[in-house]
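The report below describes a two-chain complex in running text, with one small table. Please read it alongside the sequence and the model.

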Amino acid sequence: MTTANHLQPGRSRHRRAWLRLGVLVIIAIIGFVLALTAGSMDIGVRGVFDVLFGNASELSQRVVFELRLPRASHAFITGALLAMAGALMQVLLRNPLADPYVLGISGGSAVFALLALILGLSGLSVSVFAFFGAMLAMLLVFGLARGAGSWTPTRLLLTGIVLASGWGAIISFILSVAPQGQLRSLIFWLMGDLSFAENLTPGFITLIIGVLASLYAARNLNLLALGAEQAATFGLDIERFRWQIYVLASLLTAMAVVQVGNIGFVGLIVPHLLRLAGLRDYRYLIPASVLAGGSLLVFADTLARSAIPDVALPVGVLTAAIGVPIFIFLLYRGNKAL
Amino acid sequence: MPLLQTQQLTLYAGDKLLCEQLNWQSAAGEIWAVLGRNGAGKTTLLHSLAGIRACTAPQCRGEILLQGKTLTSWSRKQIAQRLGLLLQDYHDPFPGTVLDYVLMGRHPYLHALQWETEQDYARVNDALIRVGLEDFTQRDIQTLSGGEFQRMRIAMLLVQDPQILLLDEPVNHLDLQFQHAVLEALVNTVNASNKAMVMTIHDVNLAMRYCTHALLFHDNGRVESGEIEQVITEQSLSALYQYPVKAITTSGRSMFIAD
């Protein structure tokens with residue numbers, strides 16, 4: 001420890017956190033640049049900068065600005081939504097393994113989205129269905145977990161897991177009775193597919209609302225991580241705050257699911273990795289989750305599009321492939337129990 | 001005016017009567033030991049006094065007054081500025097540094113978007129020195145031993161700096177040296193800034209040494225209270241623990257041992 005830490009611990013704590021956030025910003029920029037180079041048309045890193053500064057052909061301009069940049073932005077926003085939802089759910093349940101997918105909210109959302117697709121609906125109707133499904137799943141899991149009044153994290157988590165497998169069974173059922181022609185797109189959607197990306201605005205607005213609300217509540221979130229009783233002794237009105245966070249986390253999840261389908265890994269891994277990197281305080285963890293979650297999905301999507309020539313892999317496969325080894329590595333290196 | 005007061009407080013845990021129509025009060029400068037067998041209601045009393053166990057019939061009847069006003073008429077934040085509680089047995093699932101953790105003790109005094117000032121950090125540093133953890137600021141809490149974790153949480157309570165300190169078994173996990181160091185630090189805080197303290201404790205001799213008053217939670221809801229020298233005797237302890245207790249005198253102090 002340096003003497004500076006003793007003299008101005010506040011300032012050096014800020015500096016450590018900002019350093020990490022700075023690294024995440026650089027990673028995000030690299031992610032975007034790589035995403036803009038990847039695709040069937042060959043545009044290198046240099047080519048990307050030519051495009052950005054207006055020195056490239058019209059075709060390159062169009063490919064970058066109309067296809068690749070929107071897709072990368074979409075990936076970033078979705079990753080950020082999922083990571084933030086995960087960060088909120090983990091503190092709500094006081095369990096680093098919790099995320100909205102574990103609780104079955106995305107499952108409920110997916111069931112209703114699939115129903116909409118089977119019914120021949122498209123576009124906004126699918127979104128509305130998925131959103132309704134997410135809300136229904138949320139009410140179900142909280143209603144059942146609350147039961148006779150106790151509302152312990154363990155009970156909530158178990159209820160969520162049971163309901164999630166229930167939703168999974170319904171999804172399997174829908175897939176097995178679905179017409180052959182639709183099957184491939186349904187399965188693809190379930191694994192998470194960014195090629196459905198159409199309109200960036202709803203996701204972006206949701207993300208902004210989510211970030212502002214969580215930053216406002218950030219110190220309360222820090223307290224909630226201490227558990228209900230301890231948080232109450234430091235002045236938090238637990239009941240109301242838990243509901244607010246639950247609704248916010250569900251909104252973020254629903255929006256992510258509506259946009260890209262099922263990508264379950266980001267919300268689980270990103271906040272935990274950031275905590276292991278020393279960002280426990282939600283005032284740092286929220287912006288860090290946005291940057292890291294967004295970047296993770298941008299990288300994953302770039303890899304998904306370019307790993308195997310002429311094959312577009314589902315991005316959910318790639319997030320797992322990137323996330324699992326990092327997670328296990330950090331867990332073993334730190335030698336800490338979850 | 002007493003800092004903390006109960007009027008006709010009756011507490012149940014399920015069907016078990018813990019205390020009946022308890023009239024008790026604590027003034028500034030008093031340090032109370034709460035003694036009793038396992039399950040006698042010590043923790044329930046502290047949780048009720050802190051307002052984290054709602055006082056609703058049929059489990060709880062009577063009044064709890066904080067600085068003369070009903071507890072429920074204060075907001076959670078106002079309570080947190082006046083009264084702090086060290087919970088017993090506590091586990092934290094997330095990694096984070098000792099500094100991050102102890103700093104949260106300042107929460108009751110900050111607005112939603114306000115950051116801690118260097119004065120707040122100075123308080124943290126001061127509290128960590130008092131519990132012997134000044135070199136631990138950057139340590140991950142998940143690498144702390146049980147005793148170090150306990151001392152960190154006591155530092156957090158010192159940083160919260162409430163006028164009434166409630167502690168549920170504060171010397172849990174602490175070695176002999178730190179039992180005394182921590183209790184001395186707490187007693188010094190109480191005396192220096194005119195606070196009141198209530199702690200549950202199983203070590204009668206530590207209670208005798210550091211506390212001024214005692215509350216004895218007998219079975220059947222009977223509670224004895226008063227100045228510690230008067231309340232704690234061979235007879236009362238033998239009845240309390242349902243086990244023969246004997247006083248011996250050594251170095252001018254009377255010590256209680258199991259016979």
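## Strand pairing and the two sheets of chain B

Ile31(B) stands opposite Met197(B), which belongs to strand β8(B). The model is a predicted one, in which local features need pLDDT of at least 70, side-chain atom pairs count only at pLDDT 80 or more, and totals for chains, interfaces and linings use all residues. Residues are numbered from 1 along each chain as its sequence is written, and chains are lettered from A and ligands numbered from 1 in the order in which they are written.

Strand β3 (residues 31-36) of chain B and strand β8 (residues 196-200) of chain B pair in the parallel sense over four bridges; two strands are taken to pair if DSSP finds at least two bridges between them, and helices (H or I, at least four residues) and strands (E, at least two) are DSSP runs, numbered from the N terminus. An open sheet of six strands, with mixed pairing, runs in the order β6-β7-β8-β3-β9-β10 (chain B). Its edge strands are β6 and β10 (223-227) of chain B, each of which pairs on one side only. From one strand to the next the twist averages 15°, where axes are lines fitted to C-alpha atoms, for helices over the stretch in contact, and angles run from 0 to 180 degrees between N-to-C directions.

Helix α5 (residues 146-160) of chain B packs on this sheet, touching β6 and β7 (164-168) of chain B, and its direction makes about 180° with that of β6(B). Contact here means that the C-beta atoms of two residues, placed from the backbone, lie within 7 Å. Helix α6 (residues 176-192) of chain B lies across β3, β7 and β8 of chain B and runs at about 150° to β8(B).

An open sheet of four strands has the order β2-β1-β4-β5 (chain B), with antiparallel pairing. At its edges stand β2 (16-26) and β5 (69-70) of chain B, each with a single partner strand, so one side of each is left without a neighbour in the sheet. Strand β1 (residues 4-13) of chain B pairs with β2(B) in the antiparallel sense over seven bridges, and within this pairing Leu9(B) has Leu22(B) in β2(B) as its bridge partner.

## Helix α1 and local backbone features

Helix α1(B) lies across β1, β2 and β4 (60-66) of chain B, running at about 130° to β1(B). Nine of the nine residues of this helix (residues 42-50) are buried, so α1(B) is largely enclosed by the rest of the structure. A residue is buried if 20 or more other C-beta atoms lie within 10 Å of its own, exposed if 12 or fewer, and partly exposed in between, with C-beta atoms placed from the backbone. Among the buried residues of α1(B) are Lys42(B), His47(B) and Leu49(B). Just after α1(B), Gly51(B) takes a positive phi of about 80°.

In the loop between α1 and β4 of chain B lies Pro58(B), and the peptide bond from Ala57(B) to Pro58(B) is cis, with omega near 0°. Most residues other than glycine have a negative phi, and most peptide bonds are trans. Two residues that are not glycines take a positive phi, as the table shows.

| Residue | Phi | Loop in chain B | C-beta neighbours inside 10 Å |
|---|---|---|---|
| Glu169(B) | about 50° | between β7 and α6 | 21, buried |
| Asn220(B) | about 65° | between β9 (213-217) and β10 | 9, exposed |

## Interface, chains and confidence

In the complex, 31 residues of chain B are in contact with 29 residues of chain A. The elements that give two or more residues to the side of chain B that touches chain A are α2 (76-82), β6 (83-86), α3 (98-103) and α4 (118-130) of chain B.

Chain B has nine helices and twelve strands, whereas the secondary structure of chain A comes to 15 helices and zero strands. Of the 259 residues of chain B, 44% count as buried; of the 338 residues of chain A, 47% do.

Chain B averages a pLDDT of 94, and 100% of its residues score at least 70, pLDDT being the predictor's confidence in each residue, from 0 to 100. For the complex, the predictor gives an ipTM of 0.92 and a pTM of 0.88.
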